[in-house]
Amino acid sequence: MKKFCCVLAVLSFSGPLPSGQSVNRDALVGQYCMACHSKRARSGNLALEGVPTGDPAARPDVWEKVIRKLRAGEMPPAGMPRPDVKTLSAFSDGLLHDIDAAARRTPYAGRAVIHRLNRTEYANAVRDIFSVELPLASELPQDGIAGGFDNIADALSMAPLLLERYLKVARKVSRLAVGVSDPSPVTEIFPVTATQAVWQGEGMPFGTRGGIRVNHYFSHDGEYGLRAFLAKESLTPREGVRFFHTRTKVKAGNHAVIVTFPDEFAEREGPVLDVDGPGGKALGGPLDVLGGAIRPTIEFRVDGHRVKLLEIAGMTAGEAAFDGQPGPPSLARIEITGPYNVTGVSETPSQRRIFVCRPANAADEPACASRILSTVIRRAFRRDVTASDLRPYLATYTSARKKQGFQESIAAALRDVLLAPDFLFRLEFDRAGARPGSAQPVSDFELASRLSFFLWSSVPDDSLLDLAGKGKLRDPAVIESEVHRMLADPRAGSLIDNFAGQWLGLRGVTDIEPDHQIYPEFDSSLSSAFQQETRLFIRSLFRENRGIPDLLGADYTYLNERLARHYGIPGVIGPGFRRVSLAGNPQRGGLLTQGSILLLTSHTTKTSPVLRGKWILDNLLNTPPPPPPANVPPLDESPVNGRKLTTREQVERHRANPVCASCHARIDPLGFALENFDVTGRWRKKDDGGPIDASGKLSNGATFSGPQGLRDMLLNSGDGFVHAAVERLLTYATGRELDPRDQPAVREIMRGTEANRYRFLDVILAIVKSAPFQMRQTPEKS
């Protein structure tokens, strides 16, 4: 008997109970289901024997599965007796109607365990509490992942190593923010990643290519050394290392350091500052042309101001590898060393934010310390502060003040604040006297935290805390206004990067490098361009409040010249990304045809219909296939009658094995539709010399061909893609994995946003107003 699974098990969920239609549920289940789903047979790990049909809300774990299967047309299975379509529809709609009606009477909210801040949230919280931006996420251990996300409470444990790191980071942050850190010179290293190696990355000067942009916190006023090391591929065979160096004066605080390669044909600007460094010759004034050749240069900037421009003498192996194509050498890393010749610590934004008062004399110090700490603790704990909350941190300050100055003593107290459970955990408490097992509203401050960590991956700001303190945040008009305000804030970029990056698996693109012998045109710049295309595309959907279906069906994307040339799309000139219509390119459009997704779902040497099909099931339909059995052999690539098989033919030979066929019948057709795209996303018509067959047929009989046919099938076969997207967004928003009892809330969100094609802002607002977001389930009686 077939396993209890189907390709499109979530493609259609909504639909009213037909007027006047009723069925005898027990009789129908007994006649058509019990042969396979008795306690003994238990096909697909589902037993319906003994499960009452009159109150499906009592067993959502069973009946939600049945609804999915019936609405996909997969149950009863092919070849088995089945009732007519109207009877099946009345049965499934009746189950759904009863479950949703029960949920409206008694909502289910779910209950997350104690919720630790993940490392991204920790770094963002420090930034917003102290106005100091530090790469703290890299100093903390990797967070656990559940449900596809790293903000799920169940996966965020507290290990001894993490406690040690928290102590180290708290000491560092508190002293830097207050301005009392050790002035001894240190060297910090910043590797250049693929996402920083684009022709012209975000935040890079116009007319430059490649390089790195670092937002670095300088601890003191003084001089700092900047060194840039060329990547290995940009060195001659006799060179082991080549770097360029300069030194510049910088005031304390966050500053943007840029090291990049100016476009050789860009006009050089102004005089060059500072002294010559090793590895190159300082240049200035107009463009240098010697013997008709334009020499490549490397440029150092701080906060947009050039501090050094150096000629890269001689042709390197990296330049030669371009074979006449435009483009600079590449960087491996930069180093920032200092401070030297320290002159003090200017008042920084962090000091202005922390020191809301300055004591005029020793007698004023205790009151000022109390005011400073009360302000910081309110932001850190995300709620109003009581005298008992403040007492231990004032004690730390008082003890430290006996031996140290005022600022050092404030730093000691702030260190303890950063180690407090009220900061490190998102604490929520059950209402006193609440009925066990009931859904109860969270407090206004808890709701403010839920909102800010959902939209900003950070703490609430003062405005949000003030509304919570006044008890106004639950007003529907107020919370809707706050959502609009928060999404307009630059911090909302975290929602796009963290949610979309994890939902779609985009964080893994950086680690993939196709075989250079087969794909010699691929490099880190192209990989970064793939990621930038998808990032800008998703950002546009959120900011323009477009519908969720546009993730797959949009007729535009974002390209620069390099990526457009790779895709074969004419008319795009220059290194900057811009919006490009795909009206004349029907094979392109939406996520499924973007290089990031196609690279992510390929092997390094060849495409993989299996990986691509599995990615669609996992990420777009939220119906992951079961893990493969142990010892699955790789694809047999041997030729047949002297002819090399296409990738599709190899997969079809593999799935001829009955053990493999059941799962591959779900996976492979979806991946076959994308076979016209090679590993790097280029369009092709042949694979290993054979014509490509991009057609697919599902087990329910649905057929399609090519990327456009696949898109149409996914968008027109019910609302399964949208349902999966809403499930994932609700999972991310609540910080817990959903269970069958959450399905009525998912359907309610969809019903409320369907009229406007499930626009992203509408879906976000519906989630924020939903029971799982605004309420918390009290524990059942033990």
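Asn-341 counts as exposed, at 54% relative accessibility, and its place in this predicted model is in strand β12. Although Asn-341 is not a glycine, its phi is positive, at about 50°. Strand β12 spans residues 331-344 and also holds Pro-339, which is joined to Gly-338 by a cis peptide bond with omega of about 10°. The points below take up the backbone, the chain as a whole, the nonpolar cores, the aromatic rings and some polar residues.

**Backbone geometry elsewhere**

- Arg-757 is another residue other than glycine with a positive phi, in this case near 60°, and it is found in the loop between α26 (743-753) and α27 (760-768).
- With a relative accessible area of 42%, Arg-757 is partly exposed, whereas Asn-341, at 54%, counts as exposed; the cut-off that separates these two classes is 50%.

**The chain as a whole**

- The secondary structure of the chain comes to 28 helices and 21 strands, and of its 782 residues 54% count as buried.
- If one takes the contacts between residues at least 6 apart in sequence, 72% of them join residues that are at least 24 apart.
- The accessible surface of the chain comes to about 33800 Å², and carbon and sulfur atoms account for 52% of that area.

**Nonpolar cores**

- The largest nonpolar core has 97 residues, and the members that touch the most other members are Phe-454, Ile-538, Ile-548, Leu-551, Ile-616 and Leu-710.
- Ile-538, when residues up to four places away in sequence are not counted, touches Ile-496, Ala-500, Leu-504, Leu-506, Leu-551 and Leu-591; Leu-551 is thus both a contact of Ile-538 and one of the residues listed for touching the most other core members.
- Another core, of 48 residues, lies apart from the largest one, and its members include Ile-354, Phe-406, Ala-420 and Val-459.

**Aromatic pairs and cluster**

- A search of the whole structure finds 19 aromatic pairs, among them that of Phe-355 and Phe-406, whose ring centres are 6.4 Å apart and whose planes stand at 45°, so the pair is tilted.
- Phe-355 lies in the loop between α8 (349-354) and α9 (365-381), while Phe-406 belongs to helix α11 (residues 406-418), so this pair ties together parts that are 51 residues apart in sequence.
- Both partners are buried, with Phe-355 at 7% relative accessibility and Phe-406 at 10%.
- For Phe-381 and Tyr-393 the ring centres are 6.1 Å apart and the planes stand at 70°, so the pair is edge-to-face; the angle decides the label here because planes over 60 degrees apart count as edge-to-face.
- Phe-381 in helix α9 and Tyr-393 in helix α10 (residues 387-401) are twelve residues apart, and their pair links distant parts of the chain.
- Phe-381 is buried, with a relative accessible area of 6%, and Tyr-393 also counts as buried, at 10%.
- One aromatic cluster is formed by Phe-149, Phe-454, Phe-499, Trp-503, Tyr-732 and Phe-773, and of these Phe-454 also appears among the residues that touch the most other members of the largest nonpolar core.

**Charges over rings**

- The charged end of Arg-579 sits over the ring of Tyr-556, at 3.6 Å from its centre.
- Arg-227 lies over the face of Phe-243, and in this case the distance from the ring centre is 4.7 Å.

**Buried polar residues**

- His-255 lies in strand β6 (residues 253-262) and counts as buried, at 13% relative accessibility.
- The side chain of His-255 makes a polar contact with the side chain of Asp-303, at 2.5 Å.
- With residues up to four places away in sequence left out, His-255 touches Val-214, Asn-215, His-216, Phe-218, Val-250, Val-302 and Asp-303, so that its surroundings include the polar partner Asp-303 together with residues such as Val-214 and Phe-218.
- Asp-618 lies in helix α21 (residues 609-620) and is buried, with a relative accessible area of 16%, which is under the 20% that defines a buried residue.
- Leaving aside neighbours within four places in sequence, Asp-618 is in contact with Pro-624, Pro-625 and Arg-728.

Conventions: Residues numbered from 1 in each chain as written. Predicted model: local features only at pLDDT ≥ 70, side-chain atom pairs only at ≥ 80, totals over all residues. Heavy atoms only, no water. Phe/Tyr/Trp six-rings, centres within 6.5 Å; stacked < 30°, edge-to-face > 60°. Helix = DSSP H or I, 4+ residues; strand = E, 2+ residues; numbered from the N terminus. Buried < 20%, exposed > 50% of the residue type's maximum accessible area, 1.4 Å probe, protein only. Lys NZ or Arg CZ within 6 Å of the ring centre and 35° of its normal. Contact = heavy atoms within 4.5 Å. Areas by Shrake-Rupley, 256 points an atom, 1.4 Å probe, with all protein chains shown as cover. Core = buried A, V, L, I, M, F, W, Y, C linked by side-chain atoms within 4.5 Å. Polar contact = N/O pair within 3.5 Å; in protein donor to acceptor, adjacent residues only side chain to side chain.
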